[in-house]
Amino acid sequence: MPLPFLLIVMAVALCLLWFTRRQKTGKVLFLLSWLCLGLLSLQPVADGLMRQIEKTYPTYNGQDPADYIVVLGSSYTYNPQWAPTSNLIDGTLARVTEGIRIYHQHPGAKMIFTGAAAIGNPKSVAEVAALAAESLGVPQGDIIILDQPKDTHQEAEQVAKRIGNAPFILVTAASQLPRAMVFFQQQGLSPIPAPANQVAIDSALNPWERVIPQSLYLLHSERFWYEFLGRQWQRLTSRDVSAETAAKG
């Protein structure tokens, strides 16, 4: 990720400045890493990167027939003393609430929550998301929990096994949705995309908010880089699978 990488580069630059005669190299490395960190923390840069991914699919406002609404898991914690929605972090709550909004447009549909338990956590992200949905009025009988998948590829496999060819709406972060759609399509499914948790700001901002580096926008840059790496890995592994299938054929 950009932040730890750039901090490592800065540390190397400081070592060169303090302990070697490579003063020019150290100065150049430190300056470049400092500039990159600053640029990635600016709203126009960070949201410009995120917008490239998030604009792929529009917000779901249709009435497409759907038997299921699949909400993919993400970051969470579990504290029974907290309100159920407080246990959903890093955009997971936005996915769940968007799924509930769509659920109310499709009477009779079932909500599917996916995601395994984090190490040391007594509950899975799917269970915690389901508890939040129940607290927001979704009947328990309309909720299905798939708490074994550990990544998006496994989520697609488990959903395919559970619902077959039934029509469904796929809800996840707008930045993750293009990659998620590919995984589900590889399973022979035809998901209806429903992006949630858009973060690239298009509305007017105060002038100083656009020119002062902020940790919020660095997070946006990191999310873009995470998805960029994920798409490259997805393409690479897809080619490997295709080549292996062709060789067997």
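Is strand 2 (residues 110–114) largely enclosed by the rest of the structure or exposed, and why? In the predicted model, four of the five residues of this strand are buried, so strand 2 is largely enclosed by the rest of the structure. Strand 2 pairs with strand 1 in the parallel sense, and the pairing extends over four bridges. Within this pair, V71 is placed opposite F113 of strand 2.

These two strands belong to a chain that contains nine helices and five strands. Read from the N terminus, the order of elements is α-α-α-β-α-β-α-β-α-β-α-β-α-α. A box of roughly 70 × 55 × 40 Å, taken along the principal axes, is filled by the C-alpha atoms of the chain. Among the contacts between residues at least 6 apart in sequence, 72% join residues that are at least 24 apart. Of the 249 residues in the chain, 40% count as buried. The exposed area of the chain amounts to about 13600 Å², of which 59% is supplied by carbon and sulfur atoms. As for charge, the chain carries 20 positive and 19 negative charges, and the mean positions of the two sets are 11 Å apart.

Residues 32–50 are covered by the annotation "transmembrane region" in an unreviewed UniProt entry. In the model, this span is 89% helix and 0% strand, and its end C-alpha atoms lie 22 Å apart.

Backbone geometry was also examined in the loops. Most residues other than glycine have a negative phi. Against this background, D90 has a positive phi of about 55°, although D90 is not a glycine. The residue is located in the loop that runs between strand 1 (68–71) and helix 4 (92–103). D90 has a relative accessible area of 48% and is therefore partly exposed, since this class ends at 50%.

A positive phi of about 55° is likewise found at N197, which is not a glycine either. N197 is situated in the loop between strand 5 (192–196) and helix 8 (207–211). With a relative accessibility of 28%, N197 also counts as partly exposed, because buried residues are those under 20%. Both D90 and N197 are thus partly exposed loop residues, the former following strand 1 and the latter following strand 5.

Key:
Residues numbered from 1 in each chain as written. Predicted model: local features only at pLDDT ≥ 70, side-chain atom pairs only at ≥ 80, totals over all residues. Heavy atoms only, no water. Buried < 20%, exposed > 50% of the residue type's maximum accessible area, 1.4 Å probe, protein only. Contact = heavy atoms within 4.5 Å. Areas by Shrake-Rupley, 256 points an atom, 1.4 Å probe, with all protein chains shown as cover. Lys, Arg positive; Asp, Glu negative; His and termini not counted. Charge placed at Lys NZ, Arg CZ, Asp CG, Glu CD. UniProt positions renumbered as here; feature names shortened; annotations may be inferred. Pairing = 2+ DSSP bridges.
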